[in-house]
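Here is a small set of exercises to work through with the model open beside you. Try each task first, then follow the solution step by step.

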Amino acid sequence: MHVQDWLDSVPAVAVYALVGLVIGLESLGIPLPGEIILISAALMSSQHSGINPIVLGACATAGAVIGDSIGYAIGRKGGRPLLAWLGGKFPRHFSAGHVATAERSFEKWGMWAVFFGRFVALLRIFAGPLAGVLHMPYWKFLIANVLGGICWAGGTTAVIYYVGTVAEDWLKRFSYLGLAVAVLIGLASMLIVKRKAKKAQQQAEPEAEPVGAGD
């Protein structure tokens, strides 16, 4: 089946729901490929007339904000024992070293760690639960959470939608090959942003004693 025919057969509401659910679960603290799902859906929106990129970005943002808020509530209630439990269940993502790195970022930068963490896979998973564990004031967390979610979800959707529109001729001519090329271009653009964010995070790690996130 031609790619365009397949895309036209996918219900838009199913795409919106999947994107919001996966990103929400990832933001809650479950290691899932939220960014890959969003990139794929944004690319689909550029080729599928029934998928509105604005609605898609809104669903992704809602999933990110709601998921992070639930993760915050769980982290605040569960405390550090929760991090230990997550470390046992997901050692690759919640190892002691990863927890320490994320915690240093939060204790140093507070709201900014939540905002920029949206662009870094590790911090995107940690943001909600860890902010709750560290008792960051919820209003601060919510502001950074909403702004970060809008910039990440909206920005990703806009960039990939544009890439998909430009690559439309490739998609029609080369079918799956064109789709793969467009996805790779989109992933490369996002990796550049993530690399810059991660580099800035590493350079900003505190050398002195950390301060509380709520200060």
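**Exercise 1. Compare the end-to-end reach of helix α3 (residues 34-47) with the expected span, then decide how enclosed α3 is.**

Step 1. Helices here are DSSP runs of H or I with at least four residues, strands are runs of E with at least two, and both are numbered from the N terminus. Helix α3 has 14 residues.

Step 2. The expected span is 1.5 Å times one less than the number of residues. For α3 this gives 20 Å, and the reach from the first C-alpha to the last is 20 Å, close to what is expected.

Step 3. Now the burial: a residue is buried under 20% relative accessible area, exposed over 50%, and partly exposed in between (1.4 Å probe, protein chains only). Eleven of the 14 residues of α3 are buried, so this helix is largely enclosed by the rest of the structure. Among them are Gly-34, Glu-35, Leu-38, Ile-39 and Met-44.

A word on the ground rules: this is a predicted model, where local features need pLDDT of at least 70 and side-chain atom pairs count only at pLDDT 80 or more, while totals for chains, interfaces and linings use all residues. Residues are numbered from 1 along each chain as its sequence is written, and side-chain values use heavy atoms, with hydrogens and water left out.

**Exercise 2. Repeat the span check for helix α2 (residues 12-28) and look at what follows α2.**

Step 1. With 17 residues at 1.5 Å a residue, α2 should span 24 Å. The end C-alpha atoms of α2 are 24 Å apart, which agrees.

Step 2. The buried residues of α2 include Val-15, Tyr-16, Val-19, Ile-23 and Glu-26.

Step 3. After α2 comes Gly-29, and the phi of Gly-29 is positive, near 130°.

**Exercise 3. Find the salt bridge in the structure and place both partners along the chain.**

Step 1. The criterion is a side-chain nitrogen of Lys or Arg within 4 Å of a carboxyl oxygen of Asp or Glu. The structure holds one such pair: Arg-118 and Asp-68, with an N to O distance of 2.7 Å.

Step 2. The pair links distant parts of the chain, 50 residues apart: Arg-118 sits in the loop between α6 (111-117) and α7, and Asp-68 in helix α4.

Step 3. Are the partners buried or exposed? Both Arg-118 and Asp-68 are buried.

**Exercise 4. Describe the surroundings of Asn-145.**

Step 1. Asn-145 lies in helix α8 (residues 138-166), and Asn-145 counts as buried because its relative accessibility is 1%.

Step 2. A contact means heavy atoms within 4.5 Å. Leaving out residues up to four places away in sequence, Asn-145 touches Ala-64, Val-65, Asp-68, Ser-69, Val-114 and Arg-118. Two names on that list, Asp-68 and Arg-118, are the salt-bridge partners from the previous exercise.

Step 3. The side chain of Asn-145 also reaches the backbone oxygen of Val-65 at 3.1 Å.

**Exercise 5. Which residues does Thr-157 touch?**

Step 1. Thr-157 is in helix α8 and is buried, at 3% relative accessibility.

Step 2. Not counting residues up to four places away in sequence, Thr-157 touches Leu-38, Ala-42, Pro-53, Leu-56 and Gly-57.

Step 3. Thr-157 and Gly-57 are 100 residues apart along the chain, yet their C-alpha atoms are separated by 5.9 Å.

**Exercise 6. Contrast Ile-74 with Leu-130 in accessibility, and find a residue distant in sequence for each.**

Step 1. Ile-74 is in helix α4 and is partly exposed, at 38% relative accessible area. Leu-130, found in helix α7 (residues 121-133), is buried at 0%.

Step 2. Ile-74 and Val-133 are 59 residues apart in sequence and 8.4 Å apart, C-alpha to C-alpha. Leu-130 and Gly-71 are 59 residues apart in sequence and 8.2 Å apart by the C-alpha atoms.

**Exercise 7. Summarise the whole chain.**

Step 1. The secondary structure comes to ten helices and zero strands.

Step 2. Of the 215 residues, 46% are buried.

Step 3. Among contacts between residues at least 6 apart in sequence, 81% join residues at least 24 apart.

Key
Polar contact = N/O pair within 3.5 Å; in protein donor to acceptor, adjacent residues only side chain to side chain.
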